[in-house]
Amino acid sequence: MVKSDFWIFRSLEYSRFQNFIVSIIIIFLWVISYFYFHEIDYTALILNIICLIYLCIKIIPYTIFFKKEVKSIKSINPDREIKFVNANVLQHNTQYERLKVQLKQYNPDVILLLETDQKWKLQMEYLKKDYPFFIEVPKENTYGMLFYSKLKIKEEQIHYLVKDEIPSISCKLFLVDNYEIKLWGLHPEPPVPGENLYSTAKDKELAKVALDVKDNGLANIVMGDLNDVAWSDTTSLFTKTSGLLDVRKGRGFYSTFSAHHWFIKFPLDYIFCSPHFGFIKMKRLKFNGSDHYPIFTHLVYMPSLKTQQKREIDTENVKEAVEKANQEV
C-alpha cells in the first residue's frame, strides 16, 4: 500500500495473487491448529483476514467472477477484425522456429516483437512478404522492437519518451474501409536492481502515452510488455487517464511471465483498447523459448460500441488521474 516508486515497494504489487494463496493457507492452518491446541492469536488472524479481503478486491476484476470490461461479440465482420500477437521473445533466445510456427498457426494481422536485436531482425525478414508495413528498431540492450502489419500504416514514429535507449513506437492503422486506429507499442524499463531502482521512468512513459490517447480523438490500441501487473496503481492510473479498456477484466489473468517457473506467474504483457472494440478471442500461446509467453488477441472494430463501453469512472477521479499523469510527465 506504500506509494513510493522504489523498486522494493513496486515489486510487492506483483505477487498479490501468490500472497492471496499464502493468506488462505495460513488461515486454514490456524483453524486446523485450533482444534488441536485450542489456542489462536486472534489479532494475527484478523489481520490476515483483512489482508485476504484487500488482496481479493485487487485481483477479482481479473477473474471470471467479475464483469467483462470489453464486450464479447458473436457477430463477425471480417473487414473490421484485427488479430494481434504480442511477444517478448527474450533477446538471447535462439529458438526462432518456435515463434515462426506460432505466427503461421495464428496468422495475425499485427505482430509486435520485443527484446529483438539484429539477429532477430534477420530471422524475421521473411515476414515482410505477407506484412508489407513494418517498423524495425533492433537494439542490443533488450529493448529492441519489431512491428509488422498486414494493415496499411501511416505516420509511423519511433519515440524515446523518457530515455534515449528505450524506444516506443506509434502509428495509424487503416482498415479496409479506411477507419483509422492509433496504435502504440511499449516496453518501458522495469524497477529492478541492475536496471533501475525506481519506477519513475516507467510511470512517466505510461503517463505520456495515456495523455496522448486521451487527447487524440481516435480509436486506440496500446500493446506491449508494460513490466507491470494489471492490478498495480500505475496501471490503474494509466487506464483511468487514457480511458482505455482492459480485455483481461472478467476473463482471467493470462499471466505471461515467467514461462520458466510455475510458482512465478504475473500478467506483464498487455493489449488495451478504446471502447470502439469488441472482443472475439484471447489466448496465451505455448512456450517458445522465451521467459514470456506470447499473447494472441482477436478484436473487432465497432464504433457503435463506444457509447456502451465507456469506462464507468467518477469524473472527479478522472480529473485527479489526469492531473497526476501530468505531474508524472
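Here are three short exercises on this predicted model, each with a worked solution.

**Exercise 1. Work out how the radius of gyration of the protein chain fits with that of a compact globule.**

Solution. Start with the expectation: for 329 residues, a compact globule would come out near 20 Å. Then take the value for the protein chain, which is 21 Å, so the two agree. Next, look at the extents: the C-alpha trace spans about 70 × 45 × 40 Å along its principal axes. To round this off, 53% of the residues are buried, and of the contacts with a separation of 6 or more, 69% link residues 24 or more positions apart.

**Exercise 2. Find the residues with the most contacts inside the largest nonpolar core, and list what one of them touches.**

Solution. That core holds 31 residues, and the ones to pick out are Phe 147 and Ile 221. Now follow Phe 147, skipping neighbours within four places in sequence: its partners include Val 110, Leu 112, Phe 133, Ile 169 and Leu 183. Apart from this core lies another one of 27 residues, with Ile 59, Tyr 62, Val 213 and Ala 230 among them.

**Exercise 3. Lys 265 is buried; figure out what its side chain reaches.**

Solution. First, place it: Lys 265 sits in the loop between strand 9 (245-246) and strand 10 (269-273). Second, check for a salt bridge, which needs a distance within 4 Å. Lys 265 has none, as the nearest side chain of opposite charge, Asp 291, is 11 Å away. Third, try the backbone: the Lys 265 side chain reaches the backbone oxygen of His 261 at 2.7 Å. Last, survey the surroundings: beyond its close sequence neighbours (within four places), Lys 265 contacts Gln 18, Ser 255, Phe 257, Ser 258, Arg 284 and Tyr 293.

How values were computed:
Residues are numbered from 1 along each chain as its sequence is written. This is a predicted model: local features need pLDDT of at least 70, side-chain atom pairs count only at pLDDT 80 or more; totals for chains, interfaces and linings use all residues. Side-chain values use heavy atoms; hydrogens and water are left out. A nonpolar core is a set of buried Ala, Val, Leu, Ile, Met, Phe, Trp, Tyr and Cys residues joined through side-chain atoms within 4.5 Å. Buried means under 20% relative accessible area, exposed over 50%, partly exposed in between (1.4 Å probe, protein chains only). Contact means heavy atoms within 4.5 Å. Helices (H or I, at least four residues) and strands (E, at least two) are DSSP runs, numbered from the N terminus. Lys and Arg count as positive and Asp and Glu as negative; His and the chain ends are not counted. A polar contact is a pair of N or O atoms within 3.5 Å; within protein, one must be able to donate a hydrogen and the other to accept it, and residues adjacent in sequence count only if both atoms are side-chain atoms. The radius of gyration is taken over C-alpha atoms; the globule rule is 2.2 Å times the number of residues to the power 0.38.
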